[in-house]
Amino acid sequence: MAAKSKQGCLVCQIVGNNIPSKKIYEDDFVLAVLDVNGANPGHCFVIPKNHYPILEQVPDLEIGRLFQVSNRVSSAIFESLGAQGTNIFVANGTPAGQTVAHFTINVIPRKENDGINLQWQPRQLSEEEMSTIELKLRDQAKNIGDFKREEKKPKIAAEKQASISEEEEEYFSRQLRRLP
Amino acid sequence: MAEPMNEEQLKALQEKLRNMSPEELREFQKKQCIFCQIISGKIQAKKIYEDDKVVGILDINPANPGHTLLLTKEHYSIMPQVPDEDLSYISMVVKSMSNSMLRSIDAQGTNVLVANGIAAGQRAQHFMVHLIPRKENDGVDFVLPQRAMEQNDIDAIGNKLIAAMGGAAGKEEKPVSPVQAIPIQKVKAEVMKPVSPDKRIEPKKEAKPGINLDDISRLLGVK
């Protein structure tokens, strides 16, 4: 299957073998690659072969698969590298630390005192603030849909959902030029 | 907090645990698990999403307002125990919930984080996905160091991982056979479909109307 790639995207070039990489796993939709500049030795990134900049654009079929493969890479890290733990980490959007406009799941082997910090300073929110957020999110989460009811409905073409408009593509390519 | 156990009680408990079958052990862990009690409603929490398999609650020690924990209703201690089907399901909920954060609480991005093992920062014996709404300069600082690997290590570590994945990925003369790939039928893509426009809650007048994927992807932009 030829992946929908994006010119100028570093990750798409890895998918297309234009940039050499150490591939750990590959199937029709997903590629897992060893990060040679990783946070720890054995750090892998799991990517969709098709070009989607952010999580929200990855079709459900592919997102499920990406997490399954990430879990398998995590298990492989436990088994073969003797890691004490693993992190699955996604930075979705620039403010969240995303640096390349191609959705990526990081799978990171962990050992105690390895210098990686994925902790946070807990915020103290008032009861009122928590309740406001709760209502807003719960209200929006209604839009997620009735999973139970929709289970019986016929399949929907993942391709259709995945389509990225011309306008979006134009926008993304502008973003890509800004990247180092 | 419960009183710390004395030596005798501890011994008795260890003895009891040793004699348990895996099923009994899981049942025991479940009873001890605070998140299982939240799921069953015995302990109060701010639930923002719930279906047959998954519950989403607000973290009481959030990195940012809206920090959500997505939990499987079934008790799994760590991610490798979660069946493929459940994992792909929860990942679809993660995606939709991330979308909700961008739309409802003005998040400009999100972090998805799973910690497997204490060394990775796992604190509770119940598998969960952290979903953290992010804004520019919000003070949350997840920086992953970059450590360049030697070519020898790349080959050694890479080959170990390839072997553990059970395949020969990346060798062009020997492409990964579809048999080695995860059977695609396992992925339940049909359980979710995009919400049709008529089912969407109409945005309130003061809310920004008609936020779409274009707007959301624009959030990727720097300045």
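Which residue takes a positive phi just after H4(B)? B:Asp106 does, at about 60°. The model is predicted; local features require pLDDT of at least 70, side-chain atom pairs count only at pLDDT 80 or more, and totals for chains, interfaces and linings use all residues. Residues are numbered from 1 along each chain as its sequence is written, while chains are lettered from A and ligands numbered from 1 in the order in which they are written.

Chain A contains six helices and five strands. Helices (H or I, at least four residues) and strands (E, at least two) are DSSP runs, numbered from the N terminus. Along the sequence, the pattern of chain A is α-β-β-β-α-β-β-α-α-α-α. Of its 180 residues, 48% are buried. A residue is buried if 20 or more other C-beta atoms lie within 10 Å of its own, exposed if 12 or fewer, and partly exposed in between, with C-beta atoms placed from the backbone. Among the contacts in chain A with a separation of 6 or more, 62% join residues 24 or more positions apart. Two residues are in contact if their C-beta atoms, placed from the backbone, lie within 7 Å.

Chain B also has six helices and five strands. Its elements follow the pattern α-α-α-β-β-β-α-β-β-α-α. Buried residues account for 39% of the 223 residues in chain B. Residues 24 or more positions apart supply 55% of the chain B contacts with a separation of 6 or more.

Helix H4 of chain B covers residues 84–104, 21 residues in total. From first C-alpha to last, H4(B) reaches 30 Å, close to the 30 Å expected at 1.5 Å a residue. The expected span is 1.5 Å times one less than the number of residues. H4(B) is mostly covered, with 18 of its 21 residues buried.

Two residues other than glycine are noted for a positive phi. B:Asp106 lies in the loop between H4 and strand E4 (109–116) of chain B. This residue counts as partly exposed because it has 13 C-beta neighbours inside 10 Å. A:Asn113 has a phi of about 55°. A:Asn113 sits in the loop between strand E5 (105–110) and helix H3 (127–141) of chain A. With 6 C-beta neighbours inside 10 Å, A:Asn113 is exposed.

Two helix pairs link the chains. H3(A) packs on H4(B) at an angle of about 125°, with the axes 9 Å apart. Axes are lines fitted to C-alpha atoms, for helices over the stretch in contact, and angles run from 0 to 180 degrees between N-to-C directions. H3(A) and H4(B) are therefore oblique to each other. Angles under 35 degrees count as roughly parallel, over 145 as roughly antiparallel, 65 to 115 as roughly perpendicular and the rest as oblique. The crossing is right-handed; the near helix is turned clockwise from the far one by less than a right angle. A:Lys136, A:Leu137, A:Asp139, A:Gln140 and A:Ala141 meet B:Met97, B:Ser100, B:Arg103 and B:Ser104. These residues divide into three nonpolar, three polar and three charged. Ala, Val, Leu, Ile, Met, Phe, Trp, Tyr, Cys and Pro count as nonpolar, Asp, Glu, Lys and Arg as charged, and the others, Gly among them, as polar.

Helix H2 (residues 60–81) of chain A packs on helix H5 (residues 151–165) of chain B at about 115°, with axes 9 Å apart. The crossing of H2(A) and H5(B) is right-handed. Residues of H2(A) in the contact include A:Arg72, A:Ala76 and A:Glu79. From H5(B), the participants include B:Ile157, B:Lys160 and B:Met165. Seven nonpolar, one polar and three charged residues make up the contact of H2(A) with H5(B).
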